[in-house]
Amino acid sequence: MRTIAIECLRYHPETDRAPRVQSYDVPFSDDMSVLQGLQYIKDQLDGSLTFRWSCRMAICGSCGLMLNGKPSLGCEHFLRDYYPGPLRIEPLNHFPIVRDLAIDQSDFLRKLESVKPWLIGEPPQKGTHLQTPRQLDEYYQYSQCINCLLCYAACAQYGLNDKFTGPAALALLHRYNADSRDHGKQERMQVVNAEDGVWGCTLVGYCSEVCPKGVDPARAVNQNKIESTKDYFLRFLAPRKGA
Amino acid sequence: MQRVHADVVVIGAGGAGLRAAIAAAERDPKLRVALMSKVLPMRSHTVAAEGGAAGVTRDEDSLEHHFHDTVSGGDWLCDQDVVDYFVAHCTEELEQLERWGCPWSRRPDGHVNTRFFGGMTIQRTWFAADRSGFHMLHTLFQTSLKYPQIRRYDEYFCAELIVVDGRARGVLAICIATGELICIEASSVVLATGGAGRVYRQNTNAGTVTGDGMGLAFRAGAPLRDMEFVQWHPTALPGTGILITEACRGEGAILVNKDGYRYLQDYGLGPVDPWPRAKAMELGPRDRLSQAFWHEHRKGRTLDTPQGPVVQLDLRHLGAKKIHERLPLITEAAQTFAGIDTVKQPIPVCPAVHYTMGGIQTNVRCETPLRGLYAAGECASVGIHGANRLGSNSLVEIVVFGRVAGESAAEYVRATPQPVRDLSALAQAPAERLRAMLDRREGERLAVLRDAMRDSMEEGVGIYRTESGIRATCAKLAELRGRYRRGVRLDDTSRPFNTEWLSAIELGFMLEVAEAMAHSALERQESRGAHMRLDYEARDDARFLKHSLAHYGGDGAPRIDHRPVTITKSPPKERHYGGAGKQAVLS
C-alpha cells in the first residue's frame, strides 16, 4: 500500500463563509479509484465529507468532480495515476456548491427540460416504428449522454454566462432532432436559434474532450449552427406555420 | 415541518417508479402525482442494467414458451397466474418504450433485434447494445417530463411510511439538500425503490441499493416474501463486483476454468456441442452457473487473483466488430476497471450478489396487504421470479408492473377517495427519532456495523448454506441490530446534505432486510433455485412448494410462515438444462 494526500475542497453552507481545503492521507492499492479514496475518507477518517456517488461503473453520472482541475468521473480514475500527489478534488466548476463536493444541478435539469427531450409527433398506434441501423446511427452517439455535467464544467461559455443552454442539453436536442421517428425539429428550433442556444458556443471543444462517453457535444452544436442558419434563411422564403 | 398533498406518491424514480408515475398520470390526468427519489431519476440503478428485456416477438416463439422458461427457471416457485399476465404484457410495454424513443438495436430491415439469454428457449431479449437499462431509464425519465402533473422530489430521502387506520396515507421524508423534514400526505403510496444487494459485500449493485422500500413496508406491517432467494450473477469483476453482462454469453462467449476447460459441462449443463444452443452450457440459468463456480473453486480449478478466485469469460472468438457493436459498455468497463482488452484477453470473473428475487408481497395488481400501498420492481415480490430470476425478465418487469402499480394506485384513489388529513401529529415521533440520530455523542462507526453485516451475510447466507452457518448469521444480525439501537455516532451532526445520516438510516433498513433473508433461509429446509442447502440437497415439494413470508418482529427476529404457490398449468417437474438440442444461429 502506498499513501497519497487528497486535498478536498470543503464548504458547509451554515458554517463556512467561503470554501476551504482539507487534506487527508489515504492509503491505496493500485486498483483503487478516486471514488474509493473518497469512500475511505468517509468511512474511516471523516464521515462529514460530502460527495455524490452511486453506480461506481461510469454509467449513472453521479460522481463528476474536478480532479487536479480537470472535469472527471471519480469512479473511472485511479489513485495510482495521481501518485505521489497531492490530488486536489473540487466540485465541478461553474455550478453553485450545495456542500463540499456536491453541486446544485437544478439549472441543468431546467435546461434538459427546455429542449423537449421526448419524441414529438404521432407514433404508430400499435407495434413499433421501423428504423434501420443506419438511421439509428444518425443519433445513437448523442443518446449516450449520462448527464454527468462534466461538459458544463469544461465549458468556458457556460462559466461566463449561465443562460447558455450548454453542451449536454444541446446534444440531447440534436439526439431527438436527428431521430427518424421524431417530428419536433421546428418546436426545438426556438431553443437552437436563441442567443443562448447554439450561437452561444464559441467552439473551444473542451466539452467533447472531457466527455466520458464520447458523445461529442461540440459536433452536435455545430451541426445545429448549420441548421439554425438554414432555418434563418428559410424563414424569409416560407414563413413558418404559426410563427 | 413542511406539508404537501398528493393523490399518489411514488417512492423511487428508476424504471418502475417512472413507469408508475406516467401510468398514474395517464390513467387520470387530474391526479397529483408526487415522484420522490433519493437520487436524480437518471442515477437510479436501472441505469446499470446491461443485457436487455424479454418480450416475445419472433414467429417461432410464443407466450407459452416464455411462460414455461420463466416457471422452470424459477424452480416452480412462481405464481403461474401472475406469470401468465406478465408474459402477455411484456411485448406491448417494450413496444411502448420504442414509441417513446428507446433506441433498441435493430435488424437490417428496421425491426427491433433480439438476442439469446440464459434459460430462454428462443431469442426474445430486446436490447440497446449492452446499455439496455440506461436507455430504458433515460427514455422513461425524458418522457416523464411531458407530464406536468408529475411533480418530482429529486434528492428526497423517504424515511417512514405513515399508516392511518390500516391504510398507507403518506410518507415522512428528508429534503437532502437542506436536511429539513417534509410530510407528503397522499391517498396512496407506490414503492419502487429497488433491491437490497448492498447487504452483501461483493455485489453488482449501486450504492443506493439498500432495501429502503422493503424496510419501509416491513416496518409498516407488510410482509416480505421469498427473501431467502438472492441471485448471484455468475460474471462480475472480482473485488468491485462490477457487472459483466450475461449478453456476452448470449452473443456466444464461453466460460473456462484455470485449465481452459469449459467446466459447465460437469454440472448438468453439457454436453458442449452443438454450440451454441439454448438453455445449455453458458446459456444456462444464473443460479446453476454460480453454483458451478462454487464447486470449481472447491476443486481448486479456479484462478487466484489478489481480489479472489476467478474463472475466465472468453469473448475473443466473437471478433472485434461484434464485440464493439454489441458489447461496447462492458468492453469499456473491462478496460477501465480490470485493464483487460476483451478483443485480445479473457475477462476474469466470479459470482457476485446481483438481485433479490423476494420483496414486498403483492398480488398481480401490485397491491400489498396494506391498503393504499403498492409495490413494483425489484422491491416487490409479485410472483414471477420464484426461486431464480431469468436474465432479462426484470427489465421488462419494471415496465409491466410499474404500469400496473401506477394504474392500480390511480384507480384506488378514484374509487375510495380519502379525506385530506393532517398527518403532522403522526409524523412527530418518527421525525424525533430521525433528529435524535444526529445528537448521539456515543456509539460505533457506521462502517464497522455495515461491514460486519456484509461479511456475515457472505459467510452464512451465501451461494451454499447450512443450518449452522445461517444460525450464526442470524445471531450476528441480532447482535448488530442491538448495537445499532445502542447507537451509531455520526461525525456529521448538521442537517444540509448529510449523507452520513442517510447512510445510517439505510443501515437500519438493511439490517432488518438481511434478517428477513437469513431467517427465511433458515426455515427453508430444501434446495431450490438460488437457495442451496448443503444439509438439504434436494428440492422438497411435499414440504416446501410454498412461499416464505417474513413478518416484522419489532426489535426481535422476524416471524416466518408460509403460503401456497399458485400452480395453474405447469405442475412441478425436474428442472432440465443442457442435454441434446439444436445448434442455434445467433443473429
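How many residues of chain B are in contact with chain A? In the predicted model, 44 residues of chain B are in contact with 44 residues of chain A. On the side of chain B that touches chain A, two or more residues are given by each of the elements α3 (80-99), α4, α9 (328-338), α12 (446-460) and α14 (499-523) of chain B. Of these, α4(B) gives the most, with 4 residues. Classified by residue type, this side of chain B consists of 21 nonpolar, 14 polar and 9 charged residues.

Helix α4 of chain B spans residues 132-144 and thus has 13 residues. The distance from its first C-alpha to its last is 18 Å, close to the 18 Å expected at 1.5 Å a residue. The helix is mostly covered, with 13 of its 13 residues buried.

Chain B itself is divided into three parts: domain 1 is assembled from the segments 2-49, 130-231 and 355-425, domain 2 covers residues 238-352, and domain 3 covers residues 430-564. The centres of domain 2 of chain B and domain 3 of chain B, taken over C-alpha atoms, are separated by 31 Å. The contact between these two domains takes 5 residues from domain 2 of chain B and 5 residues from domain 3 of chain B. On the side of domain 2 of chain B that touches domain 3 of chain B, helix α7 (residues 286-298) of chain B gives the most, with 4 residues. By class, that side of domain 2 of chain B comprises 2 nonpolar, 2 polar and 1 charged residues.

Definitions and conventions. Residues are numbered from 1 along each chain as its sequence is written. Chains are lettered from A and ligands numbered from 1 in the order in which they are written. This is a predicted model: local features need pLDDT of at least 70, side-chain atom pairs count only at pLDDT 80 or more; totals for chains, interfaces and linings use all residues. Domain bounds come from an automatic or database domain assignment. Two residues are in contact if their C-beta atoms, placed from the backbone, lie within 7 Å. Ala, Val, Leu, Ile, Met, Phe, Trp, Tyr, Cys and Pro count as nonpolar, Asp, Glu, Lys and Arg as charged, and the others, Gly among them, as polar. The expected span of a helix is 1.5 Å times one less than its number of residues. A residue is buried if 20 or more other C-beta atoms lie within 10 Å of its own, exposed if 12 or fewer, and partly exposed in between; C-beta atoms are placed from the backbone.
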